[in-house]
Every structure is written in structure tokens, then in C-alpha cells.
Amino acid sequence: MPYTNLLAPLDLGFTTLKNRVLMGSMHTNLEEIPGGFERAAVYFAERAKGQVGLIVTGGISPNDEGCVAAMAAKLSTAAEVAHHKIITDAVHAEDGKICMQILHTGRYGYHPKSVAPSPLQAPINFFKPRELNHEDILRTIDDYVNCAVLAKEAGYDGVEIMGSEGYLINQFIARRTNHRTDEWGGDYENRIKFPIEIVRKTREALGENFIIIYRLSMLDLVEDGSTWEEVVILAKEIEKAGATLINTGIGWHEARVPTIATMVPRKAFVWVTKKLKSEVKIPLIAVNRINTPEVGDDVIGDGCADMVSMARPFLADPELVLKAMENRSDEINTCIACNQACLDHTFQMKISSCLVNPRACHETALNYHPTQNPKNIAVVGAGPAGLAFAHVAAMRGHKVTLYEASDKLGGQFNLAKVIPGKEEYGETIRYFQKMMEKYQVHVKLNHRVTSEALKSAGHDEIILANGIVPRTLDIPGADHPKVVNYIDVLTGNVSVGKKVAIIGAGGIGFDVAEYLSHQYHDEDTILTFLKEWGVDHEHKTVGALQRAAPAPSLREIYLLKRSTGKHGASLGKTTGWIHKASLAAKKVIMLADVQYEKIDDTGFHIDIKGEKQILDVDHIVVCAGQLSSRSLYDELTQSGIHAHLIGGAFEAVELDAKSAIHQACSLAAGV
Ligand code: FAD
Ligand code: NAP
Ligand code: SF4
């Protein structure tokens, strides 16, 4: 059997999990919409069918006050049980197991009824919480227990009590947010009474044969968080109180350390779970940036944990475990940790999905059924759009020929994957490469297609996914040898000097700045990452925070834009701050409201609010946006030949890989 550590069953005494993989909790917003439970049931059942050992739902509040937003999902009355039963029935029909996460958001609740141990507003929330009084606290503990009892009635195999990421329980535990002087505050013993009582009373109410996972914040990554000694005390008490498993929590939502984004190295935080391993007897679950069976197997094999939690990887591929079991891990659509369609959507109150798998959370709407009418289809361009289309169309039974002008598949993802911290984007190319082989797409590399060739080839359908051309500069000196574009920089065609100006501060401008500023070193990447972001790898400090020690930039870099306002406004909702912080730490100079005047041998002449400057730089890298490649389409249309446009070829402004792949899959599902 492959992955002998990961795929071994886990005996919990009263029940056995079929393997060591937990699908971690994700709030998808399906919980919040009419018909959402029916959709969630199909979504979870697909993952259960894909053989995941145990599923945890998104967070469900035990009462009104604990909801993520006003009127958001809760389970506090018998009337709400039936909805959840739709989910548990569907998962059990696939022989799966599922726990419901009980999440009380405390001061993170986006609504005026939010409560907390002390009335301290979170830095990431507009609402100030009301302080819970003693009676409120006792009632809230009972609400957790009631919620767990109702979850059992709804058919869940267990519950996960969310005690980390800075939510209510964490707010009780940490001095940072608990300023009480009564029996629920002050000493650590008092501050942890709240979670211990919740676990103890839940176990008492539900008996032995029910899974209770406690998600314990092992690294708070905020000032006045827990010390390691406190983490150990809490873990032992939680074990005593009756938890079945302890899951790891890393970082509060308000922490300024990236914990799951793509620049976080794989398994960057499993060392902290390992540190706890010898302190308790119940199984531990390791989390964060575990995205392949290989990594999961190593984590367990290295003795870091008994189980691994993967959350987003199950959006990217519901069959992750099944493929691992069948030794087909090269067919796994790997989560690249971009957050663009999952977490960014969640925080924008949209339904979560996945950039590399737009079916995620849309399983009832987007399906790839075998075609009754096989066609001969030409796809032009093997970027994300062309590859996604070719994959789905060929899987449905069409005969697909994929033409690519360059010598490789992947389009702009070949540029994205060379950005430090975006290496995962190479996994998407690997996945599509495998799918082209599996579904026998006829791939023609080094084939720049012309409209003449397409006209004579006799295809039933023509899909133009031929991408974009970079926008060029239109100022005096735009053709000066100092001026280069991002493609030449990222493909290594030009060797960039020590002083650089980047024109355009969109996604690509930021990525190019990261690329040009970055120093490569041989040191362990996890340790380097932790040091750069100020994480105390030995957890000797309070909250595991220490002074950040970012590596200095290799170059003096100016990141310029014409518009006013702060840099990075167009970047991802949950990742933009990381890119900004990273460049700020490397002292990249960000200039806004800039007019570009000319480029000559003396440098780059600019005007900032009437003040003229000459930037004495070696190179000016143009990252000024992109334009759709429309000439093929126009030529075909003029000849009366119909073609479909997708991806960058369809729309370059505001285009990203998420919309390119979504558009391609939607078209291929119906062609
Ligand atoms: P492309 O990827 O441009 O692919 C078009 C393909 O068509 C190319 O391979 C080209 O060679 C081929 N082609 C062109 N003409 C012909 C012809 N006549 N015959 C045959 N083949 C032809 N997006 C995100 O969502 N998230 C990110 O984090 C992200 N990071 C990025 C980082 C960088 C550095 C860059 C450059 C882009 C990034 N993007 C990102 C943007 C993303 O890569 C694009 O939105 C996406 O690649 C568009 O896909 P596409 O298939 O439409 O076009
Ligand atoms: P972009 O995000 O639209 O940024 C283009 C930049 O060029 C803007 O900052 C704009 O700034 C500037 N610009 C536009 N016209 C110009 C002109 N005529 N002269 C000088 N400057 C000009 O596009 P991009 O950076 O090329 O990225 C392309 C796509 O890839 C984007 O849609 C993006 O979503 C995607 N991408 C995403 C990520 C990610 O991390 N999510 C990373 C990379 C790329 P001013 O108008 O202010 O000057
Ligand atoms: Fe992973 Fe990106 Fe998909 Fe989210 S959107 S699941 S981070 S690949």
C-alpha cells in the first residue's frame, strides 16, 4: 500500500477512522444561503466518496451572539436539526464520517450582538463586543453543550470545538483579550476554565461514543498570547476533560504572520504539533500547508502528529485520498494556496470555490457529463484557460487538439511559478500535463496557429485561448535599452541591474518586485520563513513572537503607479497585506501619483505632484497591464468562421486565472 503512514486506519476506541486524513473546517457560505444545505450535502458527499477519513464542517454557532455575521448559521434549536441531517445522511451514504464544528466568534462576529470576555474591539472588526457577565458565561457553556447534543441528533459523528484562531475560546485563554478580574479571568487557571468546562460538560452530555475534537491554539502569534508552558497545561486539561482528538490551531486572524498563503512553505508549522506529541496520549492533528499525500505521509512518519488536516486541498480535488490510495497522486489537482476563490470569497460573503477546480461548492450546477455528440475541437493556447477547456472537453469524450506556440504547457503560469513563494503554481501545470495524457488530448507544441491553418483544418469547434500581449509604454525613450518587459525578466532573458524602477503596481508589478528583491539562500526554507516573519521556532516567547528578521533586498527597487491611493488595493483580500508587508520589509520604495515623462541615458524622468525627479536606474521593467490577443479571432470572424474566446483572449482587464479557468470549464461543460 502506498503512503503507509497516511492511509493507516486510526482506532479511536469506540470507532475507527479509515485513514489519517481529516478534511479541515472551511466556511463556504453554503451554510448561509437558501438551499445551501442540499448543496453542501452533495459537496461533502463527494469528499466522503473520495475516501477522506473524517470531515469537519464549516463553523456553526451555538447561539445568536456567536454567529460570524447577523443571521448566519447556528444550531441552537430542534427546528434546525433537519437541515443538518441532509448533510449527515449524504455523507453516511458514502460510508464517510463527519463532525460539526462549533464556532463562537466572540469579538470576531461581524454584528452588533457580538460578545467577548472583555469589551475590547478586535483590530479586524468594526463592532465592539459586549462584555459577558458571569451568568452569560454559564449560559454560553450550556449553549455549546446544547449545540453538540443537537449535532448528535442530526447524525454527526462528533463535533469539533473551535478553540483557536482568536475566536471566543481563545479570547478567554489569552491575557491579550481577557482582562477580567472575576473567576473567568486573571490567572491562567481561571482563563482556561471556559474551554475545559465546555469539553467536560459536552462529554458528560454525550457519553463516550462521540468524537470530540478540540482545536487548540498552539501558536497564537499575537502579543500577550499563550506561552508554551500554558499550551501544554491546556492540552493536558482538555485531554482530562474528555476530548478524543486535539487539532492544531496556528495564529489568530489578527496575527501579522502568514499562516496558510502560498508563500508559507509546506508543513511550515508541524513542528509545534510535534512538540506537544509527548505531552498527551490522545491523537494529535497537524495542520497548515499540507497539500499532498507525500507531505502528509512524511508528517505522520516523522512523528509530528497522528493525523493531518487538509482543508483547501479538498476544494481543489475531492478525490485526493482515493487517488493516493490508487497510487495516482500525479493525478491530484493540487491546491496552490492562492486563497483567490476560497478564503477571499468567504470574506467577501460569496460562495467559496477553488481557482483550480471551479466545481468546488458548485457540484449541483457545474457537471461534466459524457457527451452524446463527440466533436473535433481545436484549442489554441495552452495557458490555464486552454488547458482547462481541453481537459474537460476531452474527459467528456470530445476529440481535442491543443495548439501551443511555445515549447511548453502552462502559459503565464510558467512565469508565476518562478516568483519566490509561488512555486506551487507549477503543480497546476503538472496536473494539466497529466490530464492531457490521460484523456489523450492531441498536444501540438511549438505550433503558432494562424487563421489560415484553422480555416482549413475542418474542426467542428474552435476555442481561442491565446491569451494576452503585455501593454507597452508610450512615452519618449520607451525603446531605450534600459526598458524591458516582465516576460524577459522572469524568463531570464535579461540580466537586471542593481537599481530598478517597475512601472505598474498591479499583481504582476508586485510579483516582479518580489522576484527582483529576493535573495536565495541554502538555509532550511521553513526556518528562513519563520525568522523573516518573526516566529519563535522554539516557542520560548509569549505568543511565539520574536523580532522579524527579513532578508534585505538584492536591489534598490521603485514600484511606481500613476493612480493615487495606497499600493496593493487590487491584490487578494486575504493575501494582499502579505505582499505589501513583504516588499515594505525589503524597503521597496512605493511611489503613487507618478507621471512618466521620458527615459534617456540619465535615467527615468518622472513627475510626482509637480515635483520632477530623475530616477538613476539601470532598468525600467514595464508591468503596465495586458491587452487581449484578438487578431486571430478578428480574422476568423471576418471570414465568417465562428470561434469561442476564453481567458485573457476574451478579456484582459481584471482577468486572472480564476476567471480564465472558470470560464473555460463552464464552456467545456456544455460544448
Ligand atoms: P495565457 O496564460 O497567457 O496563455 C495563452 C497561451 O496561448 C500561451 O501559452 C501562448 O504561448 C499561447 N498562444 C498565443 N498565441 C498562440 C497561437 N497563435 N497559437 C498557439 N498558441 C498561442 N493569475 C492569478 O489568478 N493568480 C496569480 O497569482 C497570478 N500570478 C501571476 C503572476 C505572473 C508573473 C503572471 C505573468 C501572471 C499571473 N497571473 C495570475 C495571471 C494568470 O497567469 C493569467 O490570468 C492566466 O494565465 C490567463 O490564462 P490564459 O490561458 O487566458 O492565457
Ligand atoms: P493589473 O493588475 O491591471 O495592473 C496593471 C498596472 O499597470 C496598474 O498598476 C496600472 O497602474 C498600470 N498601467 C495601466 N495602464 C498603463 C499605462 N498605459 N502606462 C503605465 N502604466 C499603466 O495587471 P497586471 O499586473 O498586468 O496583472 C495581470 C492580471 O494577472 C491581473 O488581472 C491580475 O489579477 C493577475 N495577477 C494576479 C496576481 C495575484 O497575486 N492574484 C498576481 C499577478 C497577476 P496605474 O494606472 O495606477 O498606473
Ligand atoms: Fe487552494 Fe487556491 Fe483553490 Fe483555495 S482557490 S482551494 S487556495 S487552489
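**Notebook: loops, strands and domains in a predicted model**

I began with asparagine 288, which is buried at a relative accessible area of 10%. I located asparagine 288 in the loop that lies between β11 (284-286) and α9 (293-301), and I noted that its phi is near 70°, a positive value in a residue other than glycine. I keep in mind throughout that this is a predicted model.

I then turned to a second residue with a positive phi, aspartate 593, where the angle is near 60° and the residue is again not glycine. Aspartate 593 sits in the loop between β21 (589-591) and β22 (594-600). Is aspartate 593 buried or partly exposed? I found a relative accessibility of 26%, and because buried means under 20%, aspartate 593 counts as partly exposed.

**Strand β8**

I next looked at strand β8, residues 158-163, and found that 6 of its 6 residues are buried, so the strand is largely enclosed by the rest of the structure. I checked the two faces separately: Gly158, Glu160 and Met162 are buried on one side, and Val159, Ile161 and Gly163 are buried on the other, which leaves both faces covered.

Which strands pair with β8? I found strand β5 (residues 98-102), which runs parallel to β8 and is joined to it by 4 bridges, with cysteine 99 standing opposite glycine 158. I also found strand β9 (residues 211-219), likewise parallel to β8 and joined to it by 6 bridges, and here methionine 162 of β8 stands opposite arginine 215.

**The sheet of five strands**

I traced an open sheet of 5 strands with parallel pairing, in the order β15-β14-β13-β16-β27. Its edge strands are β15 (442-444) and β27 (644-645), each of which pairs on one side only. Within this sheet I followed the parallel pair formed by β13 (residues 376-380) and β16 (residues 461-464), which 4 bridges join, and I noted valine 379 opposite isoleucine 463 in β16. Helix α13 (residues 384-395) packs on the sheet, where it touches β13, β14 (399-403) and β16, and its direction makes about 165° with that of β14.

**Domains**

I looked up the domain assignment of the chain, which gives domain 1 as 10-347, domain 2 as 376-469 + 627-670, and domain 3 as 472-518 + 553-624. How are domain 2 and domain 3 placed, and how many residues are in contact? Taken over C-alpha atoms, their centres are 30 Å apart, and 7 residues of domain 2 are in contact with 9 residues of domain 3.

**Cysteine 623**

I placed cysteine 623 in the loop between β25 (619-622) and β26 (626-628), and I recorded it as buried, with a relative accessible area of 6%. Leaving aside neighbours within four places in sequence, I found cysteine 623 in contact with Tyr486, Ile502, Ile503, Gly504, Ile508, Gly509 and Val512. I also compared its position with that of isoleucine 487: the two are 136 residues apart in sequence, yet C-alpha to C-alpha they are 9.2 Å apart in space.

**Ligand 3**

I finished with the surroundings of ligand 3, where the residues are Arg312, Leu315, Cys335, Ile336, Ala337, Cys338, Asn339, Ala341, Cys342, Cys354 and Leu355. Sorted by class, this shell holds 9 nonpolar, 1 polar and 1 charged residues.

How values were computed:
Residues numbered from 1 in each chain as written. Chains lettered and ligands numbered in written order. Predicted model: local features only at pLDDT ≥ 70, side-chain atom pairs only at ≥ 80, totals over all residues. Heavy atoms only, no water. Pairing = 2+ DSSP bridges. Contact = heavy atoms within 4.5 Å. Axes fitted to C-alpha atoms, helices over the stretch in contact; angles between N-to-C directions. Buried < 20%, exposed > 50% of the residue type's maximum accessible area, 1.4 Å probe, protein only. Near = heavy atom within 4 Å. Nonpolar A, V, L, I, M, F, W, Y, C, P; charged D, E, K, R; others polar. Domains from an automatic or database assignment.
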